[in-house]
Amino acid sequence: MATHDIVGKLWNLCNVLKDDGITYHQYVTELTYLLFLKMSEETGTEEQLPAGYRWADLETKGAPDRLEFYKILLIYLGGHGSPLVKEIFANASSFIKKPATLSTLVSEIDKLDWYSARAEGMGDLYEGLLEKNANEKKSGAGQYFTPRVLIDSMVAVMKPLLSDVIQDPAAGTGGFLIAANHYLREHTHPDGWTEAQQKKYRNSTFYGMEHVQDTHRLALMNMMLHGIDGGISYGDTLSPEGQALPKATLTLTNPPFGTKKGGGLPSRTDFTFPTSNKQFAFLQHIYRGLKAGGRAAVVLPDNVLFESNVGTEIRRDLMDKCNLHTILRLPTGIFYAQGVKTNVLFFTRGETDKGNTKQVWIYDLRANMPQFGKRTQLTRDYFIDFEAFFGDDPQSDNSQHRHSRESGNPETARFRAFTREQIAERGDSLDIAWLKDDNDTNADDLPEPAVLAQEAMSELEAALDELRGLLEELGEDVEEVEA
């Protein structure tokens, strides 16, 4: 039985749970607890679980008593067993209300073809389940799952090295770190690693942080099944916990979009430009947290390219401290929110903190692309030309090589270079497009996002001026109201 067949069987069990009022995301969390117990038995690693609290102990309980025992087991494992067990079961609780529901899950999990699962790779099985959950719009889990083909493409061009310290400060379920690990093992010879290399690989290669506890436990499970011990901490990167992450030589990440809950500023105090905008806060963490010569590939929404005020300052700081050599404009519709427009920023930390960006190459993989979704799947084939364009050393003076790949009119090529001076003339906006997108019927009528943002800011400032005047007429303390 192939992995996707086993994943299908596991996913179909969620229909059993829907009648018990359990959501898709709760189901995957619940399934993680049960799969951890079962997989520990199948892989001969049950010594990490305390005796009396293992799969066989759960399975042999009579159906009426099983649910009560299961809930006790979850609480007990949160404080007993190996460090990994305690992390995965930290604050664990069951959403299952009916004893018959748990009995069905236990019975069906036990029936699976575990021989095939071991042969295919249990990590692939579990990641298939996470991907299924991410693609199910009702689960809302897409925010934690970057499409695997995009991750693989980013990893392929960044070429992780055994010497790298690899970080994902918004780890989600661990996809970037797992893909980097797969690349390392595929492109080196683990059997030939020295003892020092093996020690470095195990103890100081992979680092991440995830601030949602349920997602963190999914990440730990995912990493374990792919042969990586730990690596992802439970915490908030935008707090002092994030400052404790070691400096990276390679960062691969897709940070959360939006505003920090409550609209407050990050609680860490080392950012030059305080902002409640999560993507700008994460961007500062990423480029500040790179060692000299360290490189990063980061998925970010369009507003990072054009937003004014603090956004402009952060972009300038990024282009000073790093060589922002490439921007990949991604197709729309590849994330759970169809309208979200995203990019991958590729940059390298300079030896100094000034003038590192000389020119930025922009590759437009958005204009005139298919509408991705269930009918048209995003595949790795769509990234092949970009990967060839990126080359082995995107920072070298390889403009001649890149120009040689352009055919016909430069205005219709998918990639162009813009000097730092040209970008400065645009007010340091990096939201640059030159291809006419036949899919965008309103493209000709709309001004650039940077213009729209500036107009919105002007309207907001005018409204604030009017409000200040009214407050002064009423004798209110303007400064107190503004605060």
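Let me start with threonine 29, which touches Asp214, Arg217 and Leu218 when residues up to four places away in sequence are not counted, where contact means heavy atoms within 4.5 Å. This threonine lies in helix α3, residues 24-42, and I should say that helices here are DSSP runs of H or I with at least four residues, while strands are runs of E with at least two, both numbered from the N terminus. At 1% relative accessibility threonine 29 counts as buried, and the cut-offs are under 20% relative accessible area for buried, over 50% for exposed, and partly exposed in between, with a 1.4 Å probe and protein chains only.

Before going on, please keep in mind that this is a predicted model, in which local features need pLDDT of at least 70 and side-chain atom pairs count only at pLDDT 80 or more, while totals for chains, interfaces and linings use all residues. Residues are numbered from 1 along each chain as its sequence is written, and side-chain values use heavy atoms, with hydrogens and water left out.

Arg217 turns up again when we move to isoleucine 88, which touches Tyr33, Phe36, Arg217, Leu220 and Met221, again not counting residues up to four places away in sequence. Isoleucine 88 has its place in helix α6, residues 83-88, and is it buried or exposed? At 0% relative accessibility, isoleucine 88 counts as buried. Its C-alpha atom is separated by 9.1 Å from that of alanine 219, although the two residues are 131 apart along the chain.

After α6 comes a loop leading to α7 (99-111), and asparagine 91 lies in that loop. Asparagine 91 is exposed, with a relative accessible area of 65%, and its phi is near 55 degrees, a positive value in a residue other than glycine. Such a value deserves a remark, because most residues other than glycine have a negative phi. Asparagine 309, placed in the loop between α16 and α17, also has a phi near 55 degrees, and this asparagine is partly exposed, with a relative accessible area of 45%.

Now to helix pairs. Two packed helices are described by the angle between their axes and the distance between the axes. The axes of helix α5 (residues 63-77) and α7 come within 8 Å and cross at roughly 90 degrees, where axes are lines fitted to C-alpha atoms, for helices over the stretch in contact, and angles run from 0 to 180 degrees between N-to-C directions. That makes α5 roughly perpendicular to α7, since angles under 35 degrees count as roughly parallel, over 145 as roughly antiparallel, 65 to 115 as roughly perpendicular and the rest as oblique. On the α5 side the contact is made by Ala63, Arg66, Leu67 and Tyr70, and on the α7 side by Pro99, Leu102, Ser103 and Val106.

Our second pair is helix α10 (residues 148-158) with helix α11 (residues 175-187), packed at an angle of about 50 degrees with axes 9 Å apart, and these two helices are therefore oblique to each other. Among the residues making this contact are Ile151 and Val155 of α10 and Phe176 and Tyr183 of α11.

What about the strands? Strand β2 (residues 206-210) has four of its five residues buried, so β2 is largely enclosed by the rest of the structure. Three bridges join strand β1 (residues 166-168) to β2 in a parallel arrangement, and two strands pair if DSSP finds at least two bridges between them. Aspartate 168 stands opposite glycine 208 in β2. β2 also pairs with strand β3 (residues 232-234) in the parallel sense over three bridges, and there methionine 209 has serine 233 of β3 as its bridge partner.

Finally, consider helix α17 (residues 310-321), whose 12 residues should span 16 Å at 1.5 Å a residue, which agrees with end C-alpha atoms that are 16 Å apart; the expected span is 1.5 Å times one less than the number of residues. The buried residues of α17 include Ile314, Leu318 and Met319, and its buried residues pack against α15 (278-288), α16 (303-306), β6 (322-329), β7 and α20 (420-425). Met319 is also touched, along with Asp320, by glycine 355, which lies in the loop between β7 (342-349) and β8 (359-364) and is partly exposed, with a relative accessible area of 34%.
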